[in-house]
Amino acid sequence: MENWQDLKLTGDVLTRSAGRLADTDALVCGDVCLSYGQMDGAANQVANALLALGLERGAKVAIMARNVPEYALVYFGVARSGQVLVHISTRYIASELSWVLEESDSEVLIVEAAFADVAKAALADCTRIRHLVVIADYEDAHPVPGGVTS
């Protein structure tokens with residue numbers, strides 16, 4: 001058995017679990033069900049996409065999203081790539097968001113589509129963000145049967 005102290009990054013925890021429990025459900029949210037293996041692969045895709053942006057180790061990546069499946073994938077992908085995740089409140093208005101992004105030295109903002117307008121307005125006063133990534137709204141990407149929303 002691998003020693004937990006040998007794990008270097010938070011992303012390593014997911015890799016270890018995927019190696020042992022690849023086909024076991026890891027994330028269930030409404031109609032979305034991802035195995036450890038699927039999450040591991042998706043986290044790798046996020047990490048590789050961030051590295052392709054030319055970010056250095058320790059760069060700040062901010063996320064403004066609700067508790068959606070994509071949040072977990074970003075969490076592990078950022079950890080795996082060696083960047084630092086900055087959690088942003090979805091209740092911020094543009095001026096508050098801009099201030100937090102500037103103070104945190106974030107270079108990338110990943111935002112759920114529901115908050116894209118606030119993010120775009122904030123970026124008008126934010127000089128540090130080099131990349132804006134918009135992820136789909138959970139309800140749009142994963143409609144609830146019968147039209148009921150959570």
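The exercises below, with worked solutions, concern salt bridges and helix packing in a predicted model.

**Exercise 1.** Find how far apart the closest N and O atoms of Glu-112 and Arg-66 are, and state where each residue lies.

Solution.
- Step 1. The closest N and O atoms of Glu-112 and Arg-66 are 2.5 Å apart, and the two residues form a salt bridge.
- Step 2. This pair joins distant parts of the chain: Glu-112 belongs to strand 5 (residues 106-112), while Arg-66 sits in the loop between strand 3 (60-64) and helix 3 (69-81). The two are 46 residues apart.
- Step 3. Glu-112 has a relative accessible area of 0% and is therefore buried. Arg-66, with a relative accessible area of 31%, is partly exposed.

**Exercise 2.** Determine which residues are linked with Glu-102 in a network of salt bridges, and classify Glu-102 and Arg-128 by accessibility.

Solution.
- Step 1. Glu-102 and Arg-128 form a salt bridge through their side chains, at 3.6 Å from N to O.
- Step 2. Distant parts of the chain are again linked: Glu-102 is in helix 4 (residues 94-104) and Arg-128 in the loop between helix 5 (116-123) and strand 6 (131-135), 26 residues apart.
- Step 3. Asp-105 joins Glu-102 and Arg-128 in a network of salt bridges.
- Step 4. The cut-off for buried is under 20% relative accessible area. Glu-102, at 18%, therefore counts as buried, and Arg-128, at 39%, counts as partly exposed.

**Exercise 3.** Locate Arg-130 and Glu-107, and decide whether each is buried or partly exposed.

Solution.
- Step 1. A salt bridge connects Arg-130 and Glu-107, with 2.7 Å between the closest N and O atoms.
- Step 2. Arg-130 lies in the loop between helix 5 and strand 6, and Glu-107 in strand 5, 23 residues apart.
- Step 3. Arg-130 is partly exposed, its relative accessible area being 47%. Glu-107 is also partly exposed, at 21%.
- Step 4. The search of the whole structure finds 5 salt bridges.

**Exercise 4.** Describe how helix 2 and helix 3 pack, and give the makeup of their contact.

Solution.
- Step 1. The axes of helix 2 and helix 3 are 7 Å apart, and the packing angle is about 60 degrees. The two helices are therefore oblique to each other.
- Step 2. Their crossing is right-handed.
- Step 3. Helix 2 contributes residues including Met-39, Asp-40, Ala-43 and Leu-50, and helix 3 residues including Leu-73, Phe-76, Val-78 and Arg-80.
- Step 4. The contact of helix 2 with helix 3 divides into 12 nonpolar, 3 polar and 2 charged residues.

**Exercise 5.** State how helix 1 and helix 3 are oriented, and list the residues that meet.

Solution.
- Step 1. Helix 1 (residues 10-21) and helix 3 have axes that come within 6 Å and cross at roughly 110 degrees. Helix 1 and helix 3 are therefore roughly perpendicular.
- Step 2. This crossing is left-handed.
- Step 3. From helix 1, Thr-10, Gly-11, Leu-14 and Thr-15 meet Tyr-75, Phe-76, Ala-79 and Arg-80 of helix 3.
- Step 4. The residues of this contact divide into 4 nonpolar, 3 polar and 1 charged.

**Exercise 6.** Place Asp-40, and identify its contacts beyond its neighbours within four places in sequence.

Solution.
- Step 1. Asp-40 lies in helix 2 (residues 36-52).
- Step 2. With a relative accessible area of 15%, Asp-40 is buried.
- Step 3. Apart from those neighbours, Asp-40 contacts Leu-14, Thr-15, Ala-18 and Arg-80.

Note on methods: Residues numbered from 1 in each chain as written. Predicted model: local features only at pLDDT ≥ 70, side-chain atom pairs only at ≥ 80, totals over all residues. Heavy atoms only, no water. Salt bridge = Lys/Arg side-chain N within 4 Å of Asp/Glu carboxyl O. Buried < 20%, exposed > 50% of the residue type's maximum accessible area, 1.4 Å probe, protein only. Contact = heavy atoms within 4.5 Å. Axes fitted to C-alpha atoms, helices over the stretch in contact; angles between N-to-C directions. Parallel < 35°, antiparallel > 145°, perpendicular 65-115°, else oblique. Left-handed = near helix turned anticlockwise from the far one by under 90°. Nonpolar A, V, L, I, M, F, W, Y, C, P; charged D, E, K, R; others polar.
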